[in-house]
Amino acid sequence: MLRIALQAKGRLNEDSLNLLKESGIKVEESKRKLISVCEGFPVEVVYLRDDDIPQAVYNGIADIGIVGMNEVSERGFKVENLFDLGFGKCRLSLAIPKNEEYTGSDYFQGKIIATSYPNILKKYLKKNGINAKIEIITGSVEIAPSIGMGDAIFDIVSTGGTLISNGLKEVEPILKSEAVLIGNPRISREKRTLVKQLIFRIESVLRSRGKKYILVNVPNDRIEKALKIIPSMKSPTLLPLADKEWSAIHTVIDEKDIWEKTEQLKKIGAEDILILSMEKMIP
Ligand code: ATP
Ligand code: MG
């Protein structure tokens with residue numbers, strides 16, 4: 001039985017649970033419990049604060065975990081980085097009051113920087129020869145400058161909206177982050193096999209995200225043109241129609257391209273286009 005650590009509540013909780021669900025793992029719904037059992041895979045879920053997940057995985061309290069790369073870097077525990085999960089995307093950036101003129105990283109010489117990520121910041125400052133004071137605060141870092149708790153902040157940014165509403169501007173993006181699957185490096189061979197199976201499922205789910213299945217009828221003499229518009233994964237699936245002059249092409253396209261591609265297909269004489277949703281892509 002594997003044990004996976006997930007964020008108990010917060011930004012990563014829902015996406016993490018959805019990923020398990022789409023991977024065929026049904027987590028018993030019970031928000032109050034610390035540990036949930038699952039159906040569909042020999043795994044149990046332990047809910048923790050995201051700050052504690054790298055440590056829990058390192059210590060073997062959990063075998064694997066889902067957490068932001070930012071937390072993994074900050075905590076510094078030597079866990080295995082097994083898989084990038086594509087959600088929870090953000091960056092850690094330095095930001096200053098919006099009316100200040102930014103002159104490059106030397107701006108921070110002698111300044112006080114408020115952050116919940118002192119280790120990552122320390123490394124950056126050292127690497128760039130900047131002598132600044134780090135003020136560690138655990139929540140609402142973005143309000144620090146306005147209440148006099150620092151000249152600048154080093155914090156998570158995704159859209160930048162929070163910075164703007166606090167009169168700040170982002171001046172140095174330092175670390176890109178997304179949710180990652182991390183693992184304890186010392187797990188047994190049996191557990192490693194389970195982790196591999198789980199990653200295989202996750203990969204199939206992620207591969208199908210943002211993809212659609214398309215079926216389109218084309219006159220035989222336009223097949224080549226059509227395949228330039230919708231290239232296939234390996235070799236195109238072509239099915240003859242009852243009308244000998246026509247064939248159907250089946251393939252997968254990116255959701256974002258649907259309207260542009262269907263218009264192009266129409267232009268070359270394609271008809272009866274069906275777009276279907278996709279659940280899994282297993283190579
Ligand atoms: P916890 O109670 O578990 O300690 P938290 O308040 O520290 O939660 P959240 O705000 O829920 O953390 O964010 C969890 C993770 O989500 C972050 O560490 C980061 O990896 C990711 N994330 C993605 N976008 C954002 C964003 N706009 N703001 C904050 N975190 C984000
Ligand atoms: Mg946290």
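This passage walks through several local features of a predicted model, from a strand and a helix to ring pairs, a metal site and unusual backbone angles.

A good place to begin is strand β1, which spans residues 2-7. This strand is mostly covered, with five of its six residues buried. Two other strands pair with β1. Strand β4 (residues 43-48) runs parallel to β1 and is joined to it by six bridges. Within this pairing, L6 stands opposite Y47 in β4. Strand β5 (residues 64-68) also runs parallel to β1, and here two bridges make the connection. In this case A5 is the residue that stands opposite G65 in β5. As useful background, the side chains of a regular strand alternate between the two faces of the sheet.

Helix α8 offers a clear lesson in how a helix can have two sides. Four residues of α8 (residues 258-267) are buried, namely I258, K261, T262 and L265. These residues lie on the same side of α8, because the arc they cover around the axis is only 100 degrees. The face turned away from this buried side carries W259, E263 and K267, which are exposed. What, then, covers the buried residues of α8? The covering elements include strands β13 (211-219), β15 (246-254) and β16 (271-277), together with helix α7 (223-229). Just after α8, the backbone at G269 takes a positive phi of about 100 degrees.

Aromatic rings form another theme, with four aromatic pairs in the structure. In one of them, the rings of Y102 and Y107 have centres 5.7 Å apart and planes at 55 degrees, so this pair counts as tilted. Y102 also pairs with F108; the ring centres are 5.9 Å apart and the planes again stand at 55 degrees, so this pair is tilted too. Together, ring pairs link Y102, Y107 and F108 into a cluster. How exposed or buried are Y102, Y107 and F108? Y102 counts as partly exposed because its relative accessibility is 23%. Y107, at 8%, counts as buried, and F108 is buried with a relative accessibility of 0%.

Charged side chains meet rings as well. The charged end of K111 sits over the ring of Y107, at 4.3 Å from the ring centre. Elsewhere, R186 lies over the face of Y58, with a distance of 5.2 Å to the ring centre.

The model also contains a magnesium ion, ligand 2. Which residues coordinate this ion? D50 and D51 do so through their OD atoms, at 2.1 Å. D50 has a relative accessibility of 18%, and therefore counts as buried, the cut-off being under 20%.

Finally, two residues stand out for their backbone angles. Most residues other than glycine have a negative phi. S140, which is not a glycine, has a positive phi of about 45 degrees. This serine is placed in the loop between β9 (133-136) and β10 (152-157), and S140 is partly exposed, with a relative accessible area of 44%. D272 is likewise a residue other than glycine with a positive phi, in this case near 50 degrees. D272 is found in strand β16, one of the elements that cover the buried residues of α8. With a relative accessible area of 51%, D272 is exposed.

How values were computed:
Residues numbered from 1 in each chain as written. Chains lettered and ligands numbered in written order. Predicted model: local features only at pLDDT ≥ 70, side-chain atom pairs only at ≥ 80, totals over all residues. Heavy atoms only, no water. Donors = N, O, S within 2.8 Å, 3.2 Å for Na, K, Ca; no water. Buried < 20%, exposed > 50% of the residue type's maximum accessible area, 1.4 Å probe, protein only. Arc of directions from axis to C-beta. Contact = heavy atoms within 4.5 Å. Phe/Tyr/Trp six-rings, centres within 6.5 Å; stacked < 30°, edge-to-face > 60°. Lys NZ or Arg CZ within 6 Å of the ring centre and 35° of its normal. Pairing = 2+ DSSP bridges.
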